[in-house]
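Open the model in your viewer and keep the selection panel at hand. The stops below go from one selection to the next.

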Amino acid sequence: MGRHFAHSCSHRLLSTLHDQLGLLFLSSLFFVLTPLLGALKFLFVSTCEAATPFLAHPFVKPAADAAMLFFTDARSIIVTLVIMPLSLVWDIIDALEDRRLDLICVPLRNGGARADLHARRVKDVQAQVVRAVQGGAKRLCTARPSYLTMNARFAKYKRYWRGIDLEQLRDVVEVDTGRKIVKVEPGCSMGRLTKTLIPLGWTLPVLPELDTLTVGGLINGFGVETSSHKYGLFNHTCVAYEIVLPSGELIRCARDMHPGLFAAIPWSHGTIGFLVSAEITIIPAKKYVHLRYTPCSTHAAFLKTFEKASQSSSNDFVEALIYSPTTSVVMIGTLTDDLPAPHRGSLSSKPGDKLNSIGRWYKPWFYTHAATYLARDCAGAEYIPLRDYYHRHTRSLFWEMRDIVPQGNNFLYRLCFGWMPPRISLLKLTTVGKVKELYEQNHIAQDMLVPMSALTASLDIFDREFGLYPLWVCPMRLLSPPSTKPVAPLPQKSTGRALPTTTPPGGMCPPHPAEQLYVDIGAYGVPASSNFEAQRSLRKVEAFVRSVKGYQALYADTLMTSEEFEEMFECEGLENTRKQFGSDLLLPRVWEKVNAAARH
Ligand SMILES: NC(=O)C1=CN([C@@H]2O[C@H](COP(=O)(O)OP(=O)(O)OC[C@H]3O[C@@H](n4cnc5c(N)ncnc54)[C@H](OP(=O)(O)O)[C@@H]3O)[C@@H](O)[C@H]2O)C=CC1
Ligand SMILES: C=C(/C=C/[C@@H](C)[C@H]1CC[C@H]2C3=CC=C4C[C@@H](O)CC[C@]4(C)[C@H]3CC[C@]12C)C(C)C
């Protein structure tokens, strides 16, 4: 007994010492390594940012072009040997920073300490806005550097307008399982949010797949995922926002509190004020997604399967990958905690669908895995761990990596480098000079949101103008003003059309009243159509999308004129809200931020 007590005491002492040493080690990492790595990151980023104008100088340009030609040909080597390892270092810095945030706060379920910190950070934003205005700033935007943002371009206006620093606001403030709400700061990324919520047994109804997308960007821009046929867009799952107006005033808005403002914030691109928190609905997480793959060898078969799947809210996830004008794979997923018997170690002889951890380093890119069902012309199903499912397109950046590192699916390549997914920011920073020109003329990354009834015609024009495959096809329900409709899940109508709607009260947020079931068609990569001519083709597709009352995703390049833009979006409602809250004097119109001339 005495020996047992002594043993247990010494064990406890050792484990406390171990914990303390661990903490000490972690702290020294934070205090020594983080600033060092941070400084390196800053140096690298500033050099890349400074390089763009320097490379365009007449004396430097010829040599730079020659070097760039070499780097373009050798891009896959550079991405492999430089960008991937740097991405890994960056991931480590982020993980340490996340850990630091966790350590300085008491446990998450007790909102107290985090709420205090959040309140202090908000006060700082208010003070910054007041100082900027008193100091004579004419135009405000967020200070988030362009290289961090999830699009292929840099915002020119970030150089001239006064940036409000929201960098500190990247935390999860509170998980309230009673109200089924998570309160988060706008800089919180999808990666940080899933890492916090899933271990607690919760998840978001709409969780856009790239780890580095932020809550602020997904609300002020738009966010979609394969559960959007059921829950709508990312913003439709939000129940309240806190925003700092250009007057410095902090306003909380919700369905029943400043409903016009609440409806106007989504898609507003920071033209009303600075979002400082969002309360988002959470749902119970399950361990796996049971994913059924249906290969289709005709367009008619695809349309029938896809439309039917999109109209049923008993499907948790619906997605299609279109590989050619006639061939595609429709994927339908349901959340589950249960694996079939063999996986649970039982002796049952009935084999179930397999468990496939598609996120492991050696697994093929998801779009190539899905294509195998088409090649075998055989439907199938499997169980995928939840986080692996959410981030199924992250490693291959949909299929963008195919052009950047064509050998990326090779086993040997994976063995050496497969565990390091590249950071979009680093790819962006190294897309300069000739490589950038090549991208501008020969590459597209566009998402068009079109009514389900226009899907066939839309695929036709995508084929004629871009001829680019695979295409990402994801159904979504575009809801009436968020202030007037319930959050989730949506009642499903058999046709998905003609649900009653009212005029949007204050924002440019869709939809047009006639139809609510829309489809996101995503085209990413190098177009193969002989018709393709970067500007002409995009203008043609934009005109078509307007004609069917569709929308262009504004993270992408838009070539629309301001009149065409206003034909596509409900700008009047947003302008009224901006005037009502005094935002129009210091914040630009959306058009000023997204038009082609505002980005480079
Ligand atoms: N699955 C999906 O849905 C995907 C979506 N995307 C796109 O990426 C974008 C998100 O990328 P991300 O890098 O996170 O966002 P960004 O930094 O690109 O922000 C997008 C817009 O929102 C504004 N904004 C962002 N945060 C705030 C805030 N706190 N207050 C006020 N305005 C704000 C920005 O204004 P400012 O210019 O002043 O900084 C900008 O106009 C989305 O808009 C989406 O369209 C990309 C990939 C996948
Ligand atoms: C909006 C959606 C998905 C979008 C992604 C496919 C694109 C979002 C950001 C895009 C990229 C950013 C920067 C790049 C650097 C260039 O050197 C190469 C291209 C790219 C990696 C580019 C590729 C496409 C994106 C990842 C959907 C899901 C709604």
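This tour of a predicted model visits ligand 1, then ligand 2, then the nonpolar cores.

**Stop 1: ligand 1**

Select ligand 1 and show the residues around it. The shell holds 29 residues, and Thr-142, Arg-144, Tyr-157, Lys-158 and Thr-214 are the closest. Sorted by class, the shell has 13 nonpolar, twelve polar and four charged residues.

Now look at individual atoms. A polar atom in the side chain of Glu-209 is 3.0 Å from a nitrogen atom of ligand 1. Two other residues to pick out use their backbone: an N or O atom of Leu-275 is 3.0 Å from a nitrogen atom of the ligand, and one of Gly-217 is 3.1 Å from an oxygen atom. On its own, ligand 1 exposes 900 Å², of which the protein buries 92%.

Colour by secondary structure next. Strand S1 (140–142), helix H5 (157–160), helix H7 (215–220) and strand S8 (274–281) each give two or more residues to this shell. H7 gives the most, with three residues.

**Stop 2: ligand 2**

Move the selection to ligand 2. Here 20 residues form the surroundings, the closest being Arg-75, Thr-431, Asp-447, Tyr-524 and Tyr-555. Show the side chains of Thr-431 and Arg-75. A polar side-chain atom of Thr-431 is 2.4 Å from an oxygen atom of ligand 2, and an N or O atom in the Arg-75 side chain is 3.3 Å from an oxygen atom of this ligand. Ligand 2 alone has 620 Å² of accessible area, and the protein covers 95% of it.

The shell contains twelve nonpolar, two polar and six charged residues. Helix H15 (424–429), strand S15 (444–451) and S17 each contribute at least two of its residues; H15 has the largest share, three residues.

**Stop 3: the nonpolar cores**

Clear the ligands and select Val-182, Leu-193, Leu-204, Val-215, Phe-234, Phe-302 and Phe-306. These have the most contacts inside the largest nonpolar core, which has 130 residues. Strand S17 (residues 517–525) is the element that gives the most to this core, six residues. S17 also supplies residues to the shell around ligand 2.

Centre on Phe-306. Which residues does Phe-306 touch, leaving out those up to four places away in sequence? They are Val-318, Glu-319, Ala-320, Val-330, Met-452, Leu-455, Val-473, Cys-474, Pro-475 and Val-519.

For the last selection, take Ala-132, Ala-137, Leu-140 and Ile-164. They are among the 14 residues of another core, which lies apart from the largest one.

Note on methods. Residues are numbered from 1 along each chain as its sequence is written. Chains are lettered from A and ligands numbered from 1 in the order in which they are written. This is a predicted model: local features need pLDDT of at least 70, side-chain atom pairs count only at pLDDT 80 or more; totals for chains, interfaces and linings use all residues. Side-chain values use heavy atoms; hydrogens and water are left out. A nonpolar core is a set of buried Ala, Val, Leu, Ile, Met, Phe, Trp, Tyr and Cys residues joined through side-chain atoms within 4.5 Å. Buried means under 20% relative accessible area, exposed over 50%, partly exposed in between (1.4 Å probe, protein chains only). Helices (H or I, at least four residues) and strands (E, at least two) are DSSP runs, numbered from the N terminus. Contact means heavy atoms within 4.5 Å. A residue is near a molecule or strand if one of its heavy atoms lies within 4 Å of it. A polar contact is a pair of N or O atoms within 3.5 Å; within protein, one must be able to donate a hydrogen and the other to accept it, and residues adjacent in sequence count only if both atoms are side-chain atoms. Accessible areas come from the Shrake-Rupley method with a 1.4 Å probe; for residues, only the protein chains shown count as cover. Ala, Val, Leu, Ile, Met, Phe, Trp, Tyr, Cys and Pro count as nonpolar, Asp, Glu, Lys and Arg as charged, and the others, Gly among them, as polar.
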